[in-house]
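The exercises below ask the reader to work from overall dimensions down to the surroundings of a bound molecule. Each task is followed by a solution that goes step by step.

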Amino acid sequence: MRRILAPSILSADFKTLGEQMKATEESGAEYIHFDVMDGIFVPSISFGMPVLSSIRGATGQVMDVHLMITEPARYVEEFAQCGADIITIHLEACEDPGAALDKIHGCGKKAGISIKPGTPVEALEPYFDQAEMFLMMSVEPGFGGQSFIPDSLGRIRDLRKRLDERGIEKDIEVDGGLYHSNVGDVLQAGANVIVSGSGVFKGDIRKNTVEFMEILRTYE
Ligand code: DX5
Ligand code: ZN
């Protein structure tokens, strides 16, 4: 399976966002992770459609939109129009997660479904056929810069095993507290799409990205 880095711009310096995204692209990151927070599903508020419209096309990267909002189906069309390539919703945020995934597909986009650290892995099973990507939160969603929750490793292993048992080869994305020091464990556990905010944007962005890519390649 391909290993992909998805730098989360939540930790970027917005004064020079386009240049910073470009630095990650030139250093090998194929996705940009775009965290949308509504102040209800999670305590904080981040950014939304106008920012996505503005940065689309700044690079050729895949726009990986993570909706941490209540009833995300309400905004799927807008995010699709503003440049999202992959739209991930939270299982816990939806009355009917399957309908939200259908709506994403109806807009011609790839659909992801995410669970918070306290939600059982088996809750994803009904969506194994429907979703293209499964996002395991390894911190409580809402803020960048938190510490990786060690239990997440067992949860990623469990999810990969459940998919493998059914012969399903799909993306497992992991988000929260990932750095050069621990990303190998997460890849080893079965993840193949790695989100990192602080680990990419704090310090030397090019160097951070190149080092992540070197580690990712050793697991291909
Ligand atoms: C947290 C967000 C993450 C966040 C990760 O709720 O979903 O994408 O930006 O940031 P780091 O890598 O700093 O933990
Ligand atoms: Zn995220």
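The radius of gyration used here is taken over C-alpha atoms, and the globule rule is 2.2 Å times the number of residues to the power 0.38. The model is predicted.

**Exercise 1.** Work out what the radius of gyration says about the overall form of the protein.

*Solution.* Begin with the chain length, which is 220 residues, for which a compact globule would have a radius of gyration near 17 Å. Next, take the value for the protein, 16 Å, which agrees with that expectation. Then add the extent along the principal axes, where the C-alpha atoms fill a box of roughly 40 × 35 × 30 Å. Finally, note the secondary structure within the protein, which comprises 8 helices and 8 strands.

**Exercise 2.** Establish which side chains make polar contacts with oxygen atoms of ligand 1, using the cut-off of 3.5 Å between N or O atoms.

*Solution.* Start with Ser-8, a polar side-chain atom of which lies 2.7 Å from a ligand oxygen. Continue with Asp-35, where an N or O atom of the side chain is 2.7 Å from an oxygen atom of ligand 1. Then consider His-33, whose side chain places an N or O atom 3.4 Å from an oxygen atom of the ligand. As for cover, ligand 1 taken alone exposes 380 Å², and the protein buries 100% of that.

**Exercise 3.** Describe where ligand 1 sits and what its shell is made of.

*Solution.* First, locate ligand 1, which sits in the largest cavity. Second, identify the elements that give two or more residues to its shell, namely strand S2 (31-37), strand S3 (62-68) and strand S8 (193-196); of these, S2 gives the most, with 3 residues. Third, sort the shell by class, which yields 7 nonpolar, 11 polar and 2 charged residues. Last, among the 20 residues around the ligand, those that come nearest are Ser-8, Asp-35, Gly-142, Asp-175 and Ser-198.

Definitions and conventions: Residues numbered from 1 in each chain as written. Chains lettered and ligands numbered in written order. Predicted model: local features only at pLDDT ≥ 70, side-chain atom pairs only at ≥ 80, totals over all residues. Heavy atoms only, no water. Near = heavy atom within 4 Å. Polar contact = N/O pair within 3.5 Å; in protein donor to acceptor, adjacent residues only side chain to side chain. Areas by Shrake-Rupley, 256 points an atom, 1.4 Å probe, with all protein chains shown as cover. 1 Å grid on protein atoms, 1.4 Å probe; cavity = no way out; pocket = protein on both sides within 12 Å on 5 of 7 lines; lining within 4 Å. Sits in = over half its atoms within 2 Å of the grid points. Helix = DSSP H or I, 4+ residues; strand = E, 2+ residues; numbered from the N terminus. Nonpolar A, V, L, I, M, F, W, Y, C, P; charged D, E, K, R; others polar.
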